[in-house]
Amino acid sequence: LKRVKKLPKGFVWGAATAAYQVEGNTNLDGKGKIMWDDYLKNQGNFSPNPACDFYHRYPEDLKIAHNLGLNAIRISIAWTRIFPNGYVTDEPNEAGVKYYHRLFHECLKNNLVPYVTLHHFDSPKTLFDQGDWLNREMIDEFVKYADFCFQEFVEVDNWFTINELISLAMCQYIQGTFPPNKLFDVSDAIQAQHNELVAHAKVVNLFKAKGYKGRIGLIHVIQPVYPATNSEADRHAADLRDAFMNRFLLDGTLLGFYSDRTRHLIKEILVANNAELHILPEDLEILKQASKQNDMLGINYYQNQTVASYDGPSETYHNGNGKKGSSVFAFHGVGKDVRNPAIPTTDWDWNIYPEGLYDVLKRIAHDYPDYPVIYITENGMGAKEAWDSSKEYLDDNYRIDFIDQHLAAILKARNEGVNVQGYFLWSLQDQFSWSNGYNKRYGLIYVDFASQDRHLKRSALWFKALSKTMK
Ligand code: BG6
């Protein structure tokens, strides 16, 4: 028996994708390299090709999405399809520009409102080699690239600047799982996030100053942090972790400054790690101005964290290989992950904790009363799945249950007054997962990556049935 029986009228009911994870064809039509291409090739584990060949098969996938009752889709533009080496010139790559026009047109034809992200973990290689977001030149190029997109893609009314600043920083500079694969570089991790906040803010300010139509926002993944026990030490560790994972970014986006409490907590982490953060005086003016002009806030939610106080040396175990019991990470001053045995986990050892999403929504409304409309821009469950051709649909009742529980948490917060207006499942179809290749499946649509055949999962039918309750 399902918890959610009816969707609110006008609810945005969508699914999410990201360019590098779906398009494939990374060498086609003049696309430039991104930070991942050479790294994946050298590592030899996974290739971003073919992914789900969305570059060619988007008409089929969008039609399925429409038939499943979706009314919106989240997609990202690959910067290097438009400007192959990242630098913005007067001569964008025509094939790339035309591709996105065709794609947006097809979305609209299928009554899918496109919500478009400009940067989803895919910095152009040239700019990445020069420091990525740590180099302020990247900010300037990003602003120019965004400006180009706003002018060119008039089909789009809903824009998100950057996806999940904390995941990018954590994976690049703390856990070493994304290029440039650094470990425990707290200075780089915090500086990159600050610089990305400034980049976002500059784009918002430009969007408004130039009077572009539509709405603009930023996407944060929020992992609520709970102390392992009620001891003062564990509660303080959880506060520190929360400041690093969530509060710093929410403050920078929604307040336009880092509150005294946030600065205090971040300073404690910086001192413990002998790290530094550089903020220019003009940054704060830019953040402040933008904070009043965000039209939307995208929240991605996957799981919570339980944290205990910890003084030992830094350690990290990434759970990219899907082995159970391997998701511990810690560095100085942010406590250590511990398991709460009462919380079930996925095949990848990610906590399944829908209450955390309710807590996140209530917290944003409470701590940031001027927050803009919220969309859940990602939520979903990665699993090991295989197609059984003797069956009509792949049985993923666990995913239905997962979505149902999280949706119930969202609607509960909404009923209590939180302004949340939509949900995008991660993901529309099975796609390429950054550190897990093709083994970790999230889709409503099962993709056989060898043949590129599509099959529906049971969750797709449930998604469709629920879409009909909106009227
Ligand atoms: C989010 C990202 O962090 O989580 C997606 O925005 C990503 O790009 C998703 O794929 C799931 O992560 P993973 O590592 O399981 O693919």
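**Exercise 1. A strand and its surroundings**

How many of the five residues of strand S2 (residues 72–76) are buried? Work out what this says about the strand in this predicted model, then find the strands that pair with S2.

*Solution.*
Step 1. Start with the burial cut-off: a residue is buried when its relative accessible area is under 20%. Five of the five residues of strand S2 are buried, so S2 is largely enclosed by the rest of the structure.

Step 2. Now look at the directions of the side chains. In a regular strand, the side chains alternate between the two faces of the sheet. In S2, Ala72, Arg74 and Ser76 point one way, while Ile73 and Ile75 point the other way. Residues on both sides are buried.

Step 3. Next come the pairing partners. Strand S1 (residues 12–16) pairs with S2 in the parallel sense over three bridges, and Ala15 stands opposite Ile73. Strand S3 (residues 113–119) is joined to S2 by five bridges, also running parallel. There, Tyr115 is the bridge partner of Arg74.

**Exercise 2. Another enclosed strand**

Describe the burial and pairing of strand S12 (residues 373–378).

*Solution.*
Step 1. Six of the six residues of S12 are buried, so this strand is largely enclosed by the rest of the structure.

Step 2. Five bridges join S12 to strand S7 (residues 296–300), and the two run parallel. Find Ile299 in your view: it stands opposite Ile376 of S12.

Step 3. S12 also pairs with strand S13 (residues 420–426), in the parallel sense and over three bridges. Here Tyr375 stands opposite Gly422 of S13.

**Exercise 3. An open sheet**

Which strands are at the edges of the open sheet with the order S6-S8-S11?

*Solution.*
Step 1. Recall what holds a sheet together: strands pair through backbone hydrogen bonds, either parallel or antiparallel. This sheet has three strands, and its pairing is mixed.

Step 2. Look for strands that pair on one side only. These are strand S6 (225–227) and strand S11 (336–337), the edge strands.

Step 3. Check one pairing. S6 and strand S8 (residues 305–308) run parallel and are joined by three bridges. One pair to find is Val225 with its bridge partner Gln305 in S8.

**Exercise 4. Far in sequence, close by in space**

Is Leu407 buried or exposed? Find its contacts too.

*Solution.*
Step 1. Locate Leu407 in helix H14 (residues 397–415). Its relative accessibility is 0%, so Leu407 counts as buried.

Step 2. Set aside the neighbours within four places in sequence. Leu407 is then in contact with Val4, Leu7, Phe11, Trp13, Tyr423, Trp462 and Leu466.

Step 3. Take Val4 from that list. Val4 and Leu407 are 403 residues apart in sequence, but their C-alpha atoms are 7.0 Å apart in space.

**Exercise 5. Backbone surprises**

Which residues does the cis peptide bond before Pro50 join? Look for other backbone features that stand out as well.

*Solution.*
Step 1. Keep the usual case in mind: most residues other than glycine have a negative phi, and most peptide bonds are trans.

Step 2. A cis bond joins Asn49 to Pro50, with omega about 10 degrees. Pro50 lies in the loop between helix H2 (37–43) and helix H3 (54–67). Another cis bond joins Pro179 and Pro180, again with omega about 10 degrees. Pro180 is in the loop between helix H8 (165–174) and helix H9 (186–209).

Step 3. Turn to phi. Asp132 is not a glycine, yet has a positive phi of about 55 degrees. Asn274 also has a positive phi, near 55 degrees.

Step 4. Compare their surroundings. Asp132, in the loop between helix H6 (125–129) and helix H7 (136–152), is buried with a relative accessible area of 1%. Asn274, in the loop between helix H11 (260–272) and helix H12 (281–291), is exposed at 73% relative accessibility.

**Exercise 6. Around the ligand**

How many residues surround the ligand? Describe this shell.

*Solution.*
Step 1. There are 14 residues around the ligand, and the closest are Gln21, Glu164, Ser433, Lys440 and Tyr442. The shell divides into six nonpolar, five polar and three charged residues.

Step 2. Pick out polar side-chain atoms that face an oxygen atom of the ligand. One of Gln21 lies 2.6 Å from such an oxygen. For His120 the distance is 2.8 Å, and for Trp434 it is 2.8 Å.

Step 3. Finish with the cover: the protein covers 92% of the 380 Å² of accessible area that the ligand has on its own.

Note on methods: Residues are numbered from 1 along each chain as its sequence is written. This is a predicted model: local features need pLDDT of at least 70, side-chain atom pairs count only at pLDDT 80 or more; totals for chains, interfaces and linings use all residues. Side-chain values use heavy atoms; hydrogens and water are left out. A residue is near a molecule or strand if one of its heavy atoms lies within 4 Å of it. A polar contact is a pair of N or O atoms within 3.5 Å; within protein, one must be able to donate a hydrogen and the other to accept it, and residues adjacent in sequence count only if both atoms are side-chain atoms. Accessible areas come from the Shrake-Rupley method with a 1.4 Å probe; for residues, only the protein chains shown count as cover. Ala, Val, Leu, Ile, Met, Phe, Trp, Tyr, Cys and Pro count as nonpolar, Asp, Glu, Lys and Arg as charged, and the others, Gly among them, as polar. Two strands pair if DSSP finds at least two bridges between them. Helices (H or I, at least four residues) and strands (E, at least two) are DSSP runs, numbered from the N terminus. Buried means under 20% relative accessible area, exposed over 50%, partly exposed in between (1.4 Å probe, protein chains only). Contact means heavy atoms within 4.5 Å.
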